[in-house]
Amino acid sequence: MENIVLCGFMGSGKSTIGKMLSNTLDMPLIDTDEYIEKKLNMSIPQIFAEKGENFFRQTELEVCRELSALSGYIISTGGGTLLKSENVSAVKQGGTVFFLNVSEEAVLYRLRNDTSRPLLQREDKKDAVHKLMTERLPLYKRAADFIIDAEQTPKKVCEQITELFCGGTNGR
Ligand code: S3P
């Protein structure tokens, strides 16, 4: 069975939806950020601060390659993971990619108290989100097999993904 791969901006709900799908479909979940944190025994903010973003991005590539061999998993990626075409090719070897699409306003609201995303720890958070979203939106769309409106309730989002996945040739 194929993997379900979730991609999208920080705050698009990848972790929440990943957990829900994992329970509903009884498929194991891998969150690439958690996987990297365990692999390096460091938190994401620590990796950015001590090793730098380039090192983190290199690790993401290695992880995508490692995970490409799996089947039957829910893989929740980081917001920057599927921007590189090598990473997309790796995860697509065994998976269908669902892009969780949310607006800048939703991201800003959902992450208003967040301190765990190094890229958004700045005074001009609104500008940072706007800049990143503008750069990334075409890349998420390029990576996606399916684009999902992730401002719906998590239940609705899960139902749509399940229907698309199981209704196709990938499900059980
Ligand atoms: C990042 C998103 C984060 C994490 C890191 C970088 C990004 O994951 O991988 O802080 O570049 O968008 P989430 O999307 O799970 O917050």
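Q: Okay, accessible areas come from the Shrake-Rupley method with a 1.4 Å probe, and for residues only the protein chains shown count as cover. How much area does the protein expose?
A: About 8,700 Å² is exposed, and carbon and sulfur atoms supply 49% of that area.

Q: Anything I should know about the model before we go on?
A: Sure! This is a predicted model, where local features need pLDDT of at least 70 and side-chain atom pairs count only at pLDDT 80 or more, while totals for chains, interfaces and linings use all residues. Residues are numbered from 1 along each chain as its sequence is written, and side-chain values use heavy atoms, with hydrogens and water left out.

Q: Cool. How many helices and strands are there?
A: The protein has eight helices and five strands. Both are DSSP runs numbered from the N terminus: helices are H or I with at least four residues, and strands are E with at least two. Along the sequence, the pattern reads β-α-β-α-α-α-β-α-β-α-α-β-α.

Q: And what's the radius of gyration?
A: It is 15 Å, which agrees with the value near 16 Å for a compact globule of 172 residues. That radius is taken over C-alpha atoms, and the globule rule is 2.2 Å times the number of residues to the power 0.38. The C-alpha trace spans about 45 × 30 × 25 Å along its principal axes.

Q: What share of the residues counts as buried?
A: 47% of the 172 residues do. Buried means under 20% relative accessible area, exposed means over 50%, and partly exposed is in between (1.4 Å probe, protein chains only).

Q: What about contacts between residues 24 or more positions apart?
A: Those make up 74% of the contacts with a separation of 6 or more. A contact means heavy atoms within 4.5 Å.

Q: Let's zoom in. Is strand β1 enclosed or open?
A: Five of the five residues of β1 (residues 3–7) are buried, so the strand is largely enclosed by the rest of the structure. Asn3, Val5 and Cys7 sit on one side, with Ile4 and Leu6 on the other.

Q: Which strands does β1 pair with?
A: β1 pairs with β4 (residues 95–101) in the parallel sense over five bridges, and three bridges join β1 to β3 (residues 74–76), also parallel. Two strands pair if DSSP finds at least two bridges between them.

Q: Which residues are the bridge partners of Cys7 and Val5?
A: Cys7 has Phe99 in β4, and Val5 has Ile75 in β3.

Q: New topic! Where does Asp26 lie?
A: Asp26 is in the loop between α1 (14–25) and β2 (29–31). Asp26 has a positive phi of about 55° although it is not a glycine. With a relative accessible area of 59%, Asp26 is exposed.

Q: And where is Asn41?
A: Asn41 lies in the loop between α2 (32–40) and α3 (44–50). Its phi is positive too, near 55°, in a residue other than glycine. Asn41 counts as exposed at 69% relative accessibility.

Q: Last one: is Phe165 buried or exposed?
A: Buried, at 1% relative accessibility. Phe165 belongs to helix α8 (residues 154–167).

Q: And Gln58?
A: Gln58 is partly exposed at 39% relative accessibility and lies in helix α4 (residues 53–67). Gln58 and Thr81 are 23 residues apart in sequence and 10.0 Å apart in space, C-alpha to C-alpha.
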